[in-house]
Amino acid sequence: MTPTGPAITGQLRQIIYYHLDNISYDNALFFAERLAAHDPRSAESPYLLALCHFRLGDHHSAYEISKALGCRGNNASCSYIFAQCCLVLGQYKDGIVALEKSRSLWSRKSSLGKHTVVTRAQQPDTASVACLLGKLYRAYEDKKKAIVSFEEALKFNPFMWDAFTSLCDMGVNVRTANIFKPNDMFLESLSMDQLCGVLSEQKEGSTANLVEPQPKKPSNRPAIFDTIADPFDSQKSTGGNEVILGTNFLSGENDVMAKINAARSRITFPVESGVEITETPTANQNESAVPRIGYPPEPPQAPARKTKNVHPLESGLADIPPRMGYRGGTKRTQRLQDKSQDELLSESNPGLLRPSASGVSGIERKRTVSGQPAHPRQPSEEPGAPQRRSARINMFRGANAKANSGASTVGGSRELKKARPPVSRIIRPSSSGSNVGRAVSGNRKPLEENNMDVDQAEAPRIKETHPQPSIARSAESEAVKVEEVVRYLLELLKKFGSGYLALSQYRCSDALAFYTSLSRTHQDTPWVLSQMGRAYYEQAAYPEAEKYYRRLRILAPTRLEDMEVYSTILWFLKRETDLSFLAHELVDLSWHSPQAWCALGNAWSLARDHEQALRCFKRATQLNPKFAYAFTLQGHEHVSNEEYEKALTAYRQAISADRRHYNAYYGIGRVYEKLGNYDKAYVHFHSASVINPTNAVLICCIGNVLEKQRHIVKALSFFTKATELAPHAAQTRYKKARALLALNQLGEAQKELEILKTLAPDEATVHFLLGKLYKSLNDKGSAVRHFTIALNLDPKASQQIKEAIESLEDDESYDDSMMG
């Protein structure tokens with residue numbers, strides 16, 4: 001017969017998610033178009049079609065497809081994919097409006113723990129949507145709302161790492177100890193969902209809302225079963241209720257067959273309190289999920305039992321060994337087949353468990369070892385009344401018999417409804433409330449039935465089994481394990497977060513301390529090596545930084561992130577060959593990456609070909625208009641060419657791309673200092689130092705401007721601070737000594753110059769300043785000696801040095817004349 005529309009929709013959805021999960025985006029797009037043509041009114045069709053275009057990088061098509069539903073905000077998933085497209089395409093306002101309109105539809109619980117091999121979250125949770133909204137607000141330059149959105153994302157899920165890094169990059173002073181800790185709301189959601197491992201279907205949603213499938217598991221029932229006779233046709237369920245198997249909608253008359261196939265490939269998960277925790281061993285599920293026509297289904301692996309008088313069964317059924325002392329034959333086989341069919345029907349329709357006038361055959365088939373019919377015992381009136389021990393023994397034995405049987409692979413467990421708490425539908429979408437399953441250890445749990453009995457000769461078999469721990473205790477222990485793992489990961493994230501926050505605030509020593517406290521396995525990862533190299537780079541410790549980046553290149557030779565920093569380090573170290581090799585490697589690796597073009601531009605700059613360097617930096621900004629550092633490097637090249645107006649334009653573009661890019665403020669200050677506009681230079685140097693308060697070069701630049709404005713005392717305070725931040729920086733210490741000498745603080749100046757002579761023994765300016773100091777101290781011999789050393793080190797400054805020596809002789813003649 002012709003399949004129904006919902007069945008076709010469900011199968012197409014399965015195919016689309018299958019290809020998406022296997023990264024076959026072209027195939028997924030093809031079937032998404034088929035779904036849109038088959039069911040154009042569904043909200044899911046445009047979402048899946050837009051998702052496929054987005055995965056393929058066709059953001060414009062995804063934007064147009066999701067725009068109709070996404071803009072209105074009446075479908076959370078469509079609004080989410082629409083906002084993602086807006087973020088890529090720069091339509092920030094449209095994305096913000098779409099997400100704000102759909103705020104009432106956000107899932108208020110975390111989806112963490114709901115992604116397994118057979119399930120996925122139905123829609124983005126609040127943490128994911130809030131993080132995306134924060135990114136849109138940040139790009140829209142609404143800092144306050146961006147901070148609020150990122151904080152909301154971290155509140156619902158502290159594992160939203162990009163929300164944390166965004167807050168740090170924005171300059172927000174966050175507290176990592178308060179962020180990376182398991183709050184009550186997160187732990188409650190996490191422990192419940194991770195123990196269950198699946199997402200319960202949200203049936204209360206309206207038809208306009210997207211109903212996401214449980215997609216990764218292929219259909220357990222092949223299409224050929226629709227055209228063949230059902231082996232359980234004589235006992236079809238007459239309930240008329242439909243069950244959901246995966247995402248295919250099967251009619252109620254095929255309910256029994258659906259349960260058999262679902263049980264064969266079932267992966268069951270722990271559920272809420274009072275529900276048995278079961279699990280299926282991970283095997284080839286595709287083979288076990290689809291029965292083979294003409295072959296008997298493969299029974300589950302269970303311990304073999306020694307039997308005798310085994311008789312072959314009918315075709316399509318596995319061998320069922322008879323019990324000891326029984327007369328094997330077709331009668332017993334027929335009894336077991338009928339019994340299995342009754343059990344399946346009782347599980348799909350609980351009402352069949354109750355004996356009636358028309359259903360006494362199931363009771364008559366229950367006999368004792370002696371062959372007499374078993375008389376049903378009336379169940380106890382009390383809800384918690386104990387059960388006969390013989391009934392539990394017989395039920396356990398029946399479970400073993402069914403476990404070794406191929407006629408029914410449902411799972412070897414059957415009980416009355418009052419024997420255990422009701423099973424939540426969160427176990428599996430296709431379970432229809434049934435609680436069948438297999439234990440992980442292979443030992444069958446004794447089941448309880450009040451209508452079965454055995455002889456005492458069968459009792460010793462109980463000793464062969466090991467009772468499982470109580471359900472509540474097992475669930476509690478699993479919850480404790482989950483919480484322990486979460487706490488461990490959050491403590492680890494706290495170290496990473498503390499290091500990242502410290503580096504974003506340019507507290508480089510603190511960042512290095514946090515990163516070195518990590519284990520060696522984490523320290524030898526590309527991200528940590530890059531962070532530590534950058535920390536040394538910000539401290540102007542270029543040789544140390546180069547070691548980390550060199551190690552990073554060995555570990556991850558295809559990594560592009562932060563390679564512009566590595567090229568700048570090589571530029572400062574004047575390693576022209578290494579820089580050229582790095583640039584050509586990066587360009588060959590990724591022609592369209594801005595980092596590669598920045599490295600190539602630095603190589604041309606080191607070769608003093610500023611025009612070629614400018615071309616490379618401009619190409620980098622064309623590839624990524626938000627790449628602030630490329631604009632800054634452009635400005636540096638314009639300064640080298642003395643094109644100050646163009647340099648100012650480039651620096652301002654860098655600030656537009658990144659408000660906290662202190663290098664651009666420093667560049668503008670340098671330009672204004674060269675132009676003699678010291679007030680504006682001071683403002684921009686100060687702005688840069690506010691962003692990076694630990695950079696000794698910036699503080700020294702502020703001191704330079706103040707010194708040129710004749711504010712020597714203020715300048716000396718900045719020089720002193722710079723020497724404290726960078727005690728081995730010779731240039732900073734030289735400027736401090738010069739300011740001390742100008743203020744006639746000769747003792748302090750002498751101490752600084754003695755340290756400086758050790759740091760830079762071959763600097764002519766150091767010896768020249770020492771000569772002036774000794775001249776002020778009337779130590780003519782030491783002064784002449786240091787002036788002579790300076791003259792030998794820098795012959796180009798001979799005129800100035802000779803004048804200083806002549807001034808010493810004039811002073812001597814003046815003293816002689818005074819004595820005369």
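**Exercise 1. Get an overview of the chain: what does it expose, and what is its secondary structure?**

Start with the surface. The chain exposes about 41300 Å², with 52% of that supplied by carbon and sulfur atoms (areas come from the Shrake-Rupley method with a 1.4 Å probe, and for residues only the protein chains shown count as cover).

A quick word on ground rules. This is a predicted model, in which local features need pLDDT of at least 70 and side-chain atom pairs count only at pLDDT 80 or more, while totals for chains, interfaces and linings use all residues. Residues are numbered from 1 along each chain as its sequence is written, and side-chain values use heavy atoms, with hydrogens and water left out.

Next, the secondary structure: 36 helices and two strands. Helices (H or I, at least four residues) and strands (E, at least two) are DSSP runs, numbered from the N terminus.

Then burial. Of the 820 residues in the chain, 48% are buried (buried is under 20% relative accessible area, exposed is over 50%, and partly exposed is in between, with a 1.4 Å probe and protein chains only).

Last, contacts, meaning heavy atoms within 4.5 Å. Take the contacts between residues at least 6 apart in sequence: 61% of them join residues at least 24 apart.

**Exercise 2. Work out which residues of helix 18 are buried, and where they sit around the helix axis.**

Step one: helix 18 covers residues 508-516, and its buried residues include C508, A511, L512 and Y515.

Step two: look down the axis. The buried residues of helix 18 fall within an arc of 100°, so they line one face of the helix. The arc is that of the directions from the helix axis to the C-beta atoms.

Step three: recall the geometry. An α-helix has 3.6 residues a turn, so residues three or four places apart point the same way.

**Exercise 3. Place S498 and Q531 and list what each one touches.**

Begin with S498, in helix 17 (residues 471-504). S498 counts as buried because its relative accessible area is 10%. Leave out residues up to four places away in sequence, and S498 touches T176 and F514. F514 is 16 residues from S498 along the chain, and their C-alpha atoms are separated by 6.7 Å.

Now go to Q531, in helix 20. At a relative accessible area of 9%, Q531 is buried too. With residues up to four places away set aside, Q531 touches Y500, L503 and Y515. Y515 has already turned up among the buried residues of helix 18.

**Exercise 4. Describe the largest pocket: what is its volume, and which helix gives the largest share of its lining?**

The volume is about 1900 Å³. Of the 41 lining residues, the closest to the pocket centre are R138, D169, K626, A657 and D658.

What's a pocket here? On a 1 Å grid over the protein atoms alone, a cavity is a set of points where a 1.4 Å probe fits but cannot get out, and a pocket is an open set with protein on both sides within 12 Å along at least five of seven lines; lining residues have an atom within 4 Å of a point. Grid points are joined across faces, edges and corners, and a volume is the space filled by probe spheres set on the points.

Now sort the lining by helix. Those supplying at least two residues each include helix 7 (126-139), helix 9 (161-169), helix 17 and helix 27 (644-657). Helix 20 gives the largest share, five residues.

**Exercise 5. Is D562 buried or exposed, and what does D562 touch?**

First find D562, in the loop between helix 21 (542-555) and helix 22. D562 is buried, because its relative accessible area is 9%. Skipping residues up to four places away in sequence, D562 touches S530, R534 and Y549.

**Exercise 6. Look at the backbone of I23 and N778: what is the phi of each?**

As background, most residues other than glycine have a negative phi, and most peptide bonds are trans.

I23 is not a glycine, yet its phi is positive, about 60°. I23 lies in the loop between helix 1 (5-21) and helix 2 (25-38), and is exposed at 60% relative accessible area.

N778 also has a positive phi of about 60° without being a glycine. Its loop runs between helix 34 (764-776) and helix 35 (780-793), and at 59% relative accessibility N778 counts as exposed.
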